[in-house]
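Here's a quick tour for anyone meeting this protein fold fresh. Have a look at the model below, then read on for the highlights.

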Amino acid sequence: MNKQPAPQTALEKPASGVGRRAFLAGSAAGILGLAAPAIRRVQAAEAIRIGEINSYSQIPAFTLPYRNGWQLAVEQINAAGGLLGGRPLEVISRDDGGDPGKAVTAAQELLTRHGVHALAGTFLSHVGLAVSDFARQRKVLFMASEPLTDALTWEKGNRYTYRLRPSTYMQAAMLAAEAAKLPITRWATIAPNYEYGQSAVARFKELLLAARPEVTFVAEQWPALYKLDAGPTIQALQQAEPEGIFNVLFGADLPKFVREGRVRGLFAGRQVVSMLTGEPEYLNPLKDEAPEGWIVTGYPWYDIDTAPHRAFVEAYRARWKEDPFVGSLVGYNTLTAMAVAFEKAGGTESETLVETLKDMAFSTPMGPLSFRASDHQSTMGAWVGRTALRDGKGVMVDWRYVDGASVLPPPEVVSAWRPAG
């Protein structure tokens, strides 16, 4: 049975006959506690500026819906009267092309030329780490929306960086808990050979072995990101004769792995546990070739039936004429969280903002979330379930929502992992 997060009242379904502008204003007012009459003042005041950086040209399947999500949030916030008594929210966006150097250059330009009050975004883990270090040096808030590396909030965490999405550790913990229930002991792994993939495999192994010490890992495959040579890689996995496979491939590598693996019989009689594969960004392109029975993290937006989520889906569809992706939700939540921080801080000063975010709660379409003071990680969770085919396309079934707080180490543990200051 699918389990949903408890309904919240931050967003409500628009009543029939209510205009789109009024609905957007009311939605943002519900999230931020703003008064709609402030709408007349929003054009006159100085803007609150956020510098947003992401890999739009490199990873469009995720980042374009993500951009749609944050643009929707900005429109709702401004339609409701803006922030801090009528100041409009403005996002100035840059494409990092998946390059840490370009991302840091963009961050520098956003600060010096445009005078942004905070930074946000990034997708790839090594890019996020580079911008995080820049934010530390420049003492400016950086809201990392997507990069999943644990180092971002733990070993290389800093005062000025917060992260929204559930980390590599959190999603590995969700999947390791499911893998531990399976009656198998021989596992193989396949992951892209960079920070995110390496971290995901290390965490999955650590957590599964803690739950099942008798498990052995008989093979590892490390293709370069987006350069999977599917045939030889799958042959190597088959030769190790695993009973289960932990997959971390995504983007262009995932369809190659799925299609060649099916042709060569890799998945026959084997269980696959796969990070992110239940997200529409990666299931939709596979269409009727989507795998069945894989245990995955993802976003079954089509079956989440709560008032806040329904309102988000309806507003997103009305604005963009497409169904939402997990990127859409991440983008929306990122700007929502930052807007709440500006309001609660009562201004744009960086030191006040980073203090305000500690243990700050905020409402989202998926329910209430907060940022932990101990490591600056949000409690945003993920949905865990199995892949299936429905009407010729891949979906998630038998899913449940896992609260991010339930899979994080205790604050006293992670505080010891972070650098001082």
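Helices H2 and H11 cross in a right-handed way, meaning that the near helix is turned clockwise from the far one by less than a right angle (anticlockwise would be left-handed). Bear in mind that this is a predicted model, where local features need pLDDT of at least 70, side-chain atom pairs count only at pLDDT 80 or more, and totals for chains, interfaces and linings use all residues. Residues are numbered from 1 along each chain as its sequence is written, and side-chain values use heavy atoms, leaving out hydrogens and water.

**The H2–H11 pair**

- H2 covers residues 60–79 and H11 covers residues 326–345; they pack at about 40 degrees with axes 6 Å apart, the axes being lines fitted to C-alpha atoms over the stretch in contact and the angles running from 0 to 180 degrees between N-to-C directions.
- Among the residues making the contact (heavy atoms within 4.5 Å) are Phe-62, Tyr-66 and Trp-70 of H2, along with Val-330, Tyr-332 and Leu-335 of H11.
- That contact splits into 13 nonpolar residues, 7 polar and no charged, with Ala, Val, Leu, Ile, Met, Phe, Trp, Tyr, Cys and Pro counted as nonpolar, Asp, Glu, Lys and Arg as charged, and the others, Gly among them, as polar.
- Ala-61 also belongs to H2, and its C-alpha is 7.8 Å from that of Gly-251, although the two are 190 residues apart in sequence.
- Ala-61 counts as partly exposed because its relative accessibility is 40%, and that class lies between buried (under 20% relative accessible area) and exposed (over 50%), using a 1.4 Å probe and protein chains only.

**The chain as a whole**

- The chain has 13 helices and 14 strands; these are DSSP runs numbered from the N terminus, with helices (H or I) of at least four residues and strands (E) of at least two.
- Of its 421 residues, 60% are buried.

**Around H8**

- H8 spans residues 253–263, and its buried residues include Leu-254, Phe-257 and Val-258.
- Among the elements covering those buried residues are strand S6 (186–190) and helix H7 (230–239).
- After H8 comes Gly-265, with a positive phi near 75 degrees.

**Charges over rings**

- Lys-205 has its charged end over the ring of Phe-217, 5.4 Å from the centre; the cut-offs are NZ of Lys or CZ of Arg within 6 Å of the ring centre and within 35 degrees of the ring normal.
- Arg-319 lies over the face of Trp-320, 4.0 Å from the ring centre.
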